[in-house]
Amino acid sequence: MARPSENRNDRRDRTEEPSEFVEKLVAINRVAATVKGGRRFSFAALMVVGDQKGRVGYGHGKAREVPEAIRKATEEAKKSLIRVPLRESRTLHHDGYGRWGAGKIQMRAAPPGTGVIAGGPMRAVLETLGISDVVAKSLGSSNPYNMVRATFEALKVQSSPRQIASKRGKKVGDLLKSRADGASSPESLEG
């Protein structure tokens, strides 16, 4: 029969495996429900999870204790991952606009060395996604839930030149050739 301390160590070793995901806590909210004996407190957590290679997700969890709310939110975030195409693994392919409720955001691709210029909830999403150069602005509500959802709406419509070329039945080189000087050439508009 094994000693209890050995079993405990075995369990600890199994739970400390390194995760491929980066987790960021965006917001935590204490909610009070008034009941017969007074107030009953619970906590709501908003988490963003990403692999910093183009996948990101968000989740919301509620529980009586903070760690449990964070755990639930993290599990939900891992289930709702989306893939976003990145240019040079550092920025967006094109500008984006997202809206959710009163939350409105704008994102613009940026040259190397710019960094992540974005506020709170948007910064968490963009950093866990793996973007290192972007300029973003929140135009509407500063509610973290609406800002995160608006950011995801903007990221869902991001498309790479490869995706556009396959939709249009062209080669990627044909699309990028017209973009090299910043304006479309007449030859590329004919086809």
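The following questions and answers go through the sheet, salt bridges and cores of a predicted model.

Reader: What makes up the secondary structure of the chain?

Author: The chain has seven helices and eight strands. Four of the strands form an open sheet in the order E1-E2-E3-E4, with antiparallel pairing.

Reader: Why is one side of strand E1 and of strand E4 left without a neighbour in the sheet?

Author: Strand E1 (22-35) and strand E4 (82-83) stand at the edges, and each has a single partner strand, so one side of each has no neighbour in the sheet.

Reader: How do you know that E1 and E2 pair?

Author: Two strands pair if there are at least two bridges between them. E1 and E2 have 13 bridges, in the antiparallel sense, so they meet the condition. One example is Asn29, which stands opposite Ala44 in E2. The connection between E1 and E2 is a hairpin with two residues.

Reader: What makes E2 and E3 a pair?

Author: The cut-off is again at least two bridges, and eight bridges join strand E2 (residues 38-50) to strand E3 (residues 55-63). The two run antiparallel. Among the partners, Ala44 is matched with Lys62 in E3, and Phe43 with Ala63 in E3. The hairpin of E2 and E3 has four residues between the strands, and there Gln52 takes a positive phi near 60°.

Reader: Which helices pack on the sheet?

Author: Helix H2 (residues 66-79) packs on the sheet and touches E1, E2 and E3. The direction of H2 makes about 145° with that of E3. Helix H4 (residues 144-156) also packs on the sheet, touching E1, E2, E3 and E4. The direction of H4 makes about 155° with that of E3.

Reader: Why is the contact between Glu23 and Lys78 called a salt bridge?

Author: The term needs a side-chain nitrogen of Lys or Arg within 4 Å of a carboxyl oxygen of Asp or Glu. The closest N and O atoms of Glu23 and Lys78 are 3.8 Å apart, so the pair qualifies. This pair links distant parts of the chain, with Glu23 in strand E1 and Lys78 in helix H2, 55 residues apart.

Reader: Are Glu23 and Lys78 buried or exposed?

Author: Neither word fits, because buried means under 20% relative accessible area and exposed means over 50%. Glu23 has 40% relative accessibility and therefore counts as partly exposed. Lys78 has 36%, so Lys78 is partly exposed too.

Reader: What makes Asp51 buried and Arg55 partly exposed?

Author: Asp51 has a relative accessibility of 12%, so it counts as buried. Arg55 has 22% and therefore counts as partly exposed. These residues form a salt bridge with each other, their closest N and O atoms being 3.2 Å apart. Glu20 joins Asp51 and Arg55 in a network of salt bridges.

Reader: How do you know that Arg71 and Glu68 form a salt bridge?

Author: The N to O distance for their side chains is 2.4 Å, and the limit is 4 Å. Arg71 and Glu68 lie three residues apart in helix H2, so about one helical turn separates them. Both fall in the partly exposed class, Arg71 because of a relative accessible area of 38% and Glu68 because of 30%.

Reader: How many salt bridges does a search of the whole structure find?

Author: The search finds 11.

Reader: Which residues touch the most other members of the largest nonpolar core?

Author: They are Val56, Met107, Leu126 and Leu155, in a core of 27 residues. E2, strand E6 (103-109), helix H3 (120-129), strand E8 (134-138) and H4 each supply at least two residues of this core. H4 gives the most, with seven residues. Leaving aside residues up to four places away in sequence, Leu155 touches Val56, Ile82, Val84, Leu92, Met107, Val125 and Leu129. A second, separate core has five residues, including Met47, Ala63, Ala69 and Ala73.

Reader: What share of the chain is buried?

Author: Buried residues are 34% of the 191 residues in the chain. The accessible surface comes to about 11,900 Å², and 49% of it belongs to carbon and sulfur atoms.

Conventions:
Residues are numbered from 1 along each chain as its sequence is written. This is a predicted model: local features need pLDDT of at least 70, side-chain atom pairs count only at pLDDT 80 or more; totals for chains, interfaces and linings use all residues. Side-chain values use heavy atoms; hydrogens and water are left out. Contact means heavy atoms within 4.5 Å. Axes are lines fitted to C-alpha atoms, for helices over the stretch in contact, and angles run from 0 to 180 degrees between N-to-C directions. Buried means under 20% relative accessible area, exposed over 50%, partly exposed in between (1.4 Å probe, protein chains only). Accessible areas come from the Shrake-Rupley method with a 1.4 Å probe; for residues, only the protein chains shown count as cover. A nonpolar core is a set of buried Ala, Val, Leu, Ile, Met, Phe, Trp, Tyr and Cys residues joined through side-chain atoms within 4.5 Å.
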